[in-house]
Amino acid sequence: MNRTIATVAVEKTFFNLDSDYDYYVPEVLVKTAKVGMRVRIPFGNGNRLRDGIIVKLYSGINSKLKEIASITDSKPCLDEEMISLALWLKERCFCTTYDCLRQMLPRGFGKIRNASSKTAMLLIEKEEDLPKLTPKQRSVVNLLFDIGSASVNEICEFCSVGAAVIKNLEKYGVITVYDKQVYRTPYKVNEPTDTAEITLSEKQQKAYKCFEKMLSDKGGTGLLYGVTGSGKTQVYLSLIDRCRELNKDVIVLVPEIGLTPQALSIFHQRYGNKVAVIHSALSLGERNDEYKRIDRGEANIVIGTRSAVFAPVHNLGLIIIDEEQENTYKSERTPRYHARDVARFRCKYNKALLLLTSATPSVETYSNAVNGNYTLAELDERYGDSVLPQVITVDMKEELKNRNRSPISATLKDLISQTLDDGKQVILLINRRGYNTFIACNDCGHVITCPNCSISLTYHSRTNRLTCHYCGFSKRLDNVCPECSGTNVRYSGYGTQRIEDDIAALFPDARVLRMDADTTAKKFSHDKLFASFANGEYGILVGTQMVAKGLDFPNVELVGVVNADNSLYDENYNSGERCFDLITQVVGRSGRRGNQGKAVIQTINPYNQTLVFASNQDYKGFFENEIALRKMMVYPPYCDIYAASFTGENENTVALCAKAFFDIMKELNSDRKQKLIVLGPSPAKIAKLNNHYRYKLLIKCKNSKEIRTLLNDILKRLYTIKEYKDISVSVDLNPYDLS
């Protein structure tokens, strides 16, 4: 006789063994069990209980199956769309189904207590009706007389009493305790204040109509390409308004937490508490509560960083990915997904619109658009009376000839002075943090590096320490070479701290604000710092790339790129694209309200093609040049690249494991005849990281089911070799960094 069988994705299983596991559903649970529910199941020889999620239910007979021990939820925590997405991701990310499902639930889901799940309220209205109370009981009653009701947790903390005091008061009929859900809201939200219809220019209206038709029909993927300040936000806000008229849900992705505050202020003004927020800076409780608001339909617009793409909306109509070219949309941890791919899956599943927006779209995205795979709409001029800034390129070699050894050129110094005198603001970009970024001994030439990583240490003047930005190693500055014990130590290179100090010395009356990973570590620090700058409390903002993109400061009329060469020369095929994107975006922060702003680009190579295109804000010229190079060198979009990474404590074993991967690939592919171009294996650019050695192997191919099957088979074969059991092996499709 057939029985109900549940296929369960089980926690803490290994990729090489994972095929998900079947369990009988006990008869008493047959009517309760549903796909997407969390369960407890006996696992392994010891039958220890583990968590799992049901991904499939069917009827069958298998006498070897164990039974599900219990069901955790009263209803599914994931719907069938998310289960389908997890199975789709598993096949592409070389991980377990549970790894993928875990991404779709906030950490601690089901284990985090509600903010005020138990609330106490007085049942007695008058003091004379009270029974005799202990001092602790009296303190609780006095509090409730003052405020009416409070959560049990709050009462216990405020009155310094235990749960027994509350229970006894309830037993005596003095108070009642009941469940009351009060959400922890990470941002203060008022009623909408900006509900007026958005006025679009002719070109904005044309773009809107193009995508509105897709939104109202069967969806698809579109690219809204527009120069910085062209009003892309007004177009997609109009699309959100239309989506809400259709009673559908919206997800808006931004690349960094730092961009969330400005975007949120716009959304809260227009949509009030219908907006939910998801990003990594929220507490566990806040993320859980936002998740619940979305799941219950109380918020139908979700804004957040990469993980917000998994938001549990149930009537998806539109996903917007702002600044779609950003590397932060690519996960570097298991599962190694790209938010754009996940968004495309969800939009196809729901017949929704995926809208990619950028002033500097990725080469792959723009190629898809011009080739007709995506619908393309363009905004080629700034919105209203704003014009693109005047760009000035400064040759820093000439500055050295003129005996100016400062990282601030004479041209930039003069323009900063003029801008401040005019009561305007300045943004300076230097994409390195710290004070000095390179320390070496002049006597023996030894570069002072991290003992755990093959990377040079960075000097931080505020703490007077040398720090590794990869593993966190730190040591006191002692000016002694660890190799020869000499004291002739040279400091070179510069980061945000050095620029901050130099600018403060040059302009002692100006208030200088620094934004980098060191100053934005605290919760909501981005919000506070950006708000201070927007309010005019500072005249100059010095920062890393977090100050370069998606921000709108009306009073900024000068932008300086202190060292444009930082991001231009590395081992990645997309280094030119990264540099063009960063410079174009930061230049676009200047002069966004009527007056023409200025931008200064400092470089040692002013004739580099990428810098020339960026100076002219010429994306199409850059694209034509870059796409020709990609075609000649066979790089995306003319191929896909899988990067296999090998990490372990013994360098020789890591190297042998990488070689074994290559040998197994040759053996298996001798019959399958997949076309591959293999580079490596070889040591990674940073060959040692946190005392672990790293090797890489790159595979140029066309991503297909056959290729993924081949890679799966290689990994499973490799995992059976005992010598490599301690080596961490991962495979990633089109990683942002190949070095």
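**Exercise 1. In which loop does valine 634 lie?** Then describe its backbone and its exposure, and look at the proline that shares the loop.

*Solution.* This is a predicted model, so work from its computed geometry.

- Step 1: Valine 634 lies in the loop between H18 and E27.
- Step 2: Turn to the backbone. Valine 634 is not a glycine, yet its phi is positive, about 55 degrees.
- Step 3: Now the exposure. Buried means under 20% relative accessible area and exposed means over 50%. Valine 634 has 30% relative accessibility, so it counts as partly exposed.
- Step 4: Proline 637 is also placed in the loop between helix H18 (619–633) and strand E27 (640–648). The peptide bond joining proline 636 and proline 637 is cis, with omega about 15 degrees.

**Exercise 2. Is phenylalanine 94 buried or exposed?** Place it in the chain as well.

*Solution.*

- Step 1: Find phenylalanine 94 in the loop between helix H1 (80–93) and helix H2 (97–103).
- Step 2: Check its phi, which is near 55 degrees, a positive value in a residue other than glycine.
- Step 3: Its relative accessibility is 9%, so phenylalanine 94 counts as buried.

**Exercise 3. Which peptide bond before proline 335 is cis?** Say where that proline sits.

*Solution.*

- Step 1: The cis bond runs from threonine 334 to proline 335, and its omega is near -5 degrees.
- Step 2: Proline 335 belongs to the loop between strand E13 (316–322) and helix H10 (339–350).

**Exercise 4. In what order do the seven strands of the open sheet stand?** Identify the edges, then add the helices that pack against the strands.

*Solution.*

- Step 1: Reading across, the order is E11-E12-E10-E13-E14-E9-E15, with parallel pairing.
- Step 2: Strand E11 (275–278) and strand E15 (375–379) are the edges; each has a single partner strand, so one side of each lacks a neighbour in the sheet.
- Step 3: From one strand to the next, the twist averages 15 degrees.
- Step 4: Take one pair inside this order. E13 and strand E14 (residues 353–358) run parallel and are joined by five bridges; here aspartate 322 stands opposite threonine 357 in E14.
- Step 5: Helix H6 (residues 202–216) packs on the sheet and touches strand E9 (220–226), E13, E14 and E15, making about 160 degrees with the direction of E15.
- Step 6: Helix H7 (residues 232–245) lies across E9, strand E10 (249–253), strand E12 (301–304), E13, E14 and E15, and runs at about 165 degrees to E13.

**Exercise 5. Which residues of strand E24 point one way, and which the other way?** Then find the strands that pair with E24.

*Solution.*

- Step 1: In E24 (residues 540–543), Ile540 and Val542 point one way, while Leu541 and Gly543 point the other; all are buried.
- Step 2: Strand E17 (residues 425–429) runs parallel to E24 and is joined to it by four bridges, with valine 426 opposite isoleucine 540.
- Step 3: Strand E23 (residues 512–515) also pairs with E24 in the parallel sense over four bridges, and methionine 515 stands opposite glycine 543.

**Exercise 6. How many residues of helix H15 are buried?** Do the same for H16.

*Solution.*

- Step 1: Seven of the ten residues of H15 (residues 525–534) are buried, so the rest of the structure largely encloses this helix. Among them are His526, Leu529 and Phe533.
- Step 2: Just after H15, glycine 536 has a positive phi of about 85 degrees.
- Step 3: In H16, 13 of the 13 residues are buried, so H16 too is largely enclosed by the rest of the structure.
- Step 4: Helix H16 (residues 575–587) reaches 18 Å from its first C-alpha to its last, close to the 18 Å expected.

Note on methods
Residues are numbered from 1 along each chain as its sequence is written. This is a predicted model: local features need pLDDT of at least 70, side-chain atom pairs count only at pLDDT 80 or more; totals for chains, interfaces and linings use all residues. Side-chain values use heavy atoms; hydrogens and water are left out. Buried means under 20% relative accessible area, exposed over 50%, partly exposed in between (1.4 Å probe, protein chains only). Helices (H or I, at least four residues) and strands (E, at least two) are DSSP runs, numbered from the N terminus. Two strands pair if DSSP finds at least two bridges between them. The expected span of a helix is 1.5 Å times one less than its number of residues. Axes are lines fitted to C-alpha atoms, for helices over the stretch in contact, and angles run from 0 to 180 degrees between N-to-C directions. Contact means heavy atoms within 4.5 Å.
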